[in-house]
Amino acid sequence: MATETKLPVTKTSAAPATGEAWQPFQALRNEIDQIFDDFGNGFWKRPFRSLARLERDLSRNFNAPAVDIAESEKAYEITAELPGLDEKNIDVKLVNGGLTIRGEKKEETEEKKKDYYVSERRYGSFERYFALPEGVNADKIEATFKNGVLKVVLPKTEEAQKPAKTIDVKAA
């Protein structure tokens, strides 16, 4: 049975590397616009250069894992499925009012038989940035990793846990 591992959540004051929200469709649109621009400027001389750049950029943007974000009365929870990663390859940081999750996977396989040889290498990294809502107790954030699933718990402050106060509206 796999054990649950607690990951450190480090605090840094530097700005996050990405800083912006992940926008895969904007990157796709930019690359398609570039392909159409190249089409009129010698696309037929080098047709695969533009397509290779599009594939490279799309694979870089779509490597980031999808996450589930849930809110309960006492905390927010971010859950990310990270199959094939170990806790040593995951980095969780609190930076300038936001949470950054980074990971890197390196995989190498080699198979030698009498009449063939196969060697494959796969490398990939991702980074996701989440702006934290007000009312998160940054000193009590915890991250755990179990069976390829990262769970980050962002507890709310006592003030944020209080129910909303209803104010009666009176006719003037």
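## A quick tour of the chain

Reading along the sequence, you meet the elements in the order β-β-α-α-β-β-β-β-β-β-β-α. That makes three helices and nine strands. Keep in mind that this is a predicted model.

Now for the inside. Of the chain's 172 residues, 26% count as buried. In soluble globular proteins, nonpolar side chains tend to be buried together. Here, the largest nonpolar core has 21 residues, and those with the most contacts inside it include Ile78, Leu99 and Val152. Several strands each supply at least two residues of this core, and here they are:

| Strand | Residues |
|---|---|
| S4 | 75-81 |
| S5 | 90-95 |
| S6 | 98-112 |
| S7 | 117-131 |
| S8 | 142-146 |
| S9 | 149-155 |

Let's zoom in on one core residue. Which residues does Ile78 touch, leaving aside its neighbours within four places in sequence? Its contacts are Val67, Asp68, Ile69, Leu99, Ile101, Phe130, Leu150, Lys151, Val152 and Leu154. Among these partners, Leu99, Ile101, Leu150, Val152 and Leu154 are also listed with the most contacts inside the core.

Across the chain, if you take contacts between residues at least 6 apart in sequence, 61% of them join residues at least 24 apart.

What about the rings? A search of the whole structure turns up zero aromatic pairs. Tyr76 does have a charged partner, though: the charged end of Lys156 sits over the ring of Tyr76, 4.9 Å from the ring's centre.

Finally, the outside: the chain's accessible surface comes to about 12800 Å², and 51% of that belongs to carbon and sulfur atoms.

Notes:
Residues numbered from 1 in each chain as written. Predicted model: local features only at pLDDT ≥ 70, side-chain atom pairs only at ≥ 80, totals over all residues. Heavy atoms only, no water. Core = buried A, V, L, I, M, F, W, Y, C linked by side-chain atoms within 4.5 Å. Buried < 20%, exposed > 50% of the residue type's maximum accessible area, 1.4 Å probe, protein only. Helix = DSSP H or I, 4+ residues; strand = E, 2+ residues; numbered from the N terminus. Contact = heavy atoms within 4.5 Å. Phe/Tyr/Trp six-rings, centres within 6.5 Å; stacked < 30°, edge-to-face > 60°. Lys NZ or Arg CZ within 6 Å of the ring centre and 35° of its normal. Areas by Shrake-Rupley, 256 points an atom, 1.4 Å probe, with all protein chains shown as cover.
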